[in-house]
Amino acid sequence: MTAATRIIARARRNFWSSGDVVGSMKPRRVLSAIAAAVLAVAGLIPPAPAGADDCTVPAFRYRHGVVSFSEHGSTTDVRVEVADTEQTREVGLMCRRALDPDAGMLFVFADLTREPFWMKNTLIPLSIAFLDNRWRVVGMYDMRVAPNPADPPLGDLWAPAKQYRYALEVNQGFFKAHELDGRAQIRFTPGDPPKP
């Protein structure tokens, strides 16, 4: 039995019981966990950045919603957690080891700002779109993971030249993969999105 086969068998035993999903694990998440384990064993997932094992942040109960981008005759939805307090904005996506392909975090500020973003304790590469108070894109950037996320270089800051009110972080490459740019029409719908 190969190492990958053992990991898959162990994951099935741990996550499945009488054909039902244990706890709150959804079949899609179980399969994602199994796939991640196989890729890790195969060496296709890079090692976690330095300091990743020590990364801890407070747990928050986030509001949810959907950010919809309409461009080129199609609509792309991003399921978001909403960071709308100083504490949730400060923590953001710190210490997360993965982000679903269609998920992100929407940062909401009370007023227009030029506050820069950085990747402190952020373990996954992200793309960010800065949006003004009318939901128009004022900047889009790819943000890299620092060699030591606990102590990123001081120069690794991202902010647009114009003021913004909202910032949306997604997996790096999301905007390019969906051909989204500054011309997209953007809408936010609060509330829990339908389950995939």
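User: How many helices and strands does the protein have?

Analyst: This is a predicted model. The protein has four helices and nine strands.

User: In what pattern do they follow one another along the sequence?

Analyst: Read from start to end, the pattern is α-β-β-α-β-β-α-β-β-β-β-α-β. Keep that string in view when we come to the sheet.

User: How should I read the sheet, and what is the strand order?

Analyst: Start with who sits beside whom. Here an open sheet of seven strands runs in the order β7-β6-β8-β5-β4-β3-β9. The pairing is mixed. Next, look for the ends of the row.

User: Which strands stand at the edges?

Analyst: β7 (137-143) and β9 (185-190) do. Each has a single partner strand, so one side of each is left without a neighbour in the sheet. From one strand to the next, the twist averages 30°.

User: How many bridges join β3 to β4, and in which sense do they run?

Analyst: Nine bridges join them, and the two strands run antiparallel. To find the register on screen, use V66, which stands opposite R79 in β4.

User: What about the strands around β8?

Analyst: Take β5 first. β5 and β8 pair in the antiparallel sense over six bridges. T113 stands opposite Y164 in β8. Then take β6. Six bridges join β6 to β8, again with an antiparallel run. There I128 stands opposite E169 in β8.

User: How do side chains sit on a strand like that?

Analyst: In a regular strand they alternate between the two faces of the sheet. Now turn to burial. Strand β8 covers residues 164-171, and seven of its eight residues are buried. For the protein as a whole, buried residues make up 36% of the 196 residues.

User: Is an edge strand residue such as G139 buried or exposed?

Analyst: G139 lies in strand β7. G139 counts as buried because its relative accessibility is 10%, and the cut-off for buried is under 20%. Look also at A129. The C-alpha atoms of G139 and A129 are separated by 5.8 Å, although the two residues are 10 apart along the chain.

User: Let us move to covalent links. How many disulfides does the structure hold?

Analyst: One. The disulfide joins C55 to C95, with an S to S distance of 1.8 Å. For handedness, check the angle about the S-S bond. That angle is -75°, and the link of C55 and C95 is left-handed.

User: Which parts does the pair tie together?

Analyst: Two loops. C55 lies in the loop between α2 (27-42) and β3 (63-71), and C95 in the loop between α3 (86-91) and β5 (103-113). The pair therefore ties together parts that are 40 residues apart in sequence.

User: Are C55 and C95 buried or exposed?

Analyst: C55 is buried, at a relative accessible area of 14%. C95 is buried too, at 16%.

User: What does an unusual backbone angle look like?

Analyst: Here is the general idea. Most residues other than glycine have a negative phi. Now two cases from this model. H72 is not a glycine, yet has a positive phi of about 60°. N121 is not a glycine either, and its phi is positive at about 55°.

User: Where do H72 and N121 lie, and is each buried or exposed?

Analyst: H72 sits in the loop between β3 and β4 (74-83). H72 is exposed, with a relative accessible area of 54%. N121 lies in the loop between β5 and β6 (126-131). N121 is buried, with a relative accessible area of 18%.

User: How do I read a pocket?

Analyst: Rolling a probe the size of a water molecule over the atoms shows where empty space is left. Take the second largest pocket here. About 330 Å³ of space lies in it. Of the 17 residues that line this pocket, R89, E90, E115, F117 and W118 are the closest to its centre.

User: Which elements give two or more residues to that lining?

Analyst: α3 and β5. α3 gives the most, with four residues.

User: And how many nonpolar, polar and charged residues are in the lining of the second largest pocket?

Analyst: Nine are nonpolar, two are polar and six are charged.

How values were computed:
Residues numbered from 1 in each chain as written. Predicted model: local features only at pLDDT ≥ 70, side-chain atom pairs only at ≥ 80, totals over all residues. Heavy atoms only, no water. Disulfide = S-S within 2.5 Å. Buried < 20%, exposed > 50% of the residue type's maximum accessible area, 1.4 Å probe, protein only. 1 Å grid on protein atoms, 1.4 Å probe; cavity = no way out; pocket = protein on both sides within 12 Å on 5 of 7 lines; lining within 4 Å. Points joined across faces, edges and corners; volume = space filled by probe spheres on them. Nonpolar A, V, L, I, M, F, W, Y, C, P; charged D, E, K, R; others polar. Pairing = 2+ DSSP bridges. Axes fitted to C-alpha atoms, helices over the stretch in contact; angles between N-to-C directions.
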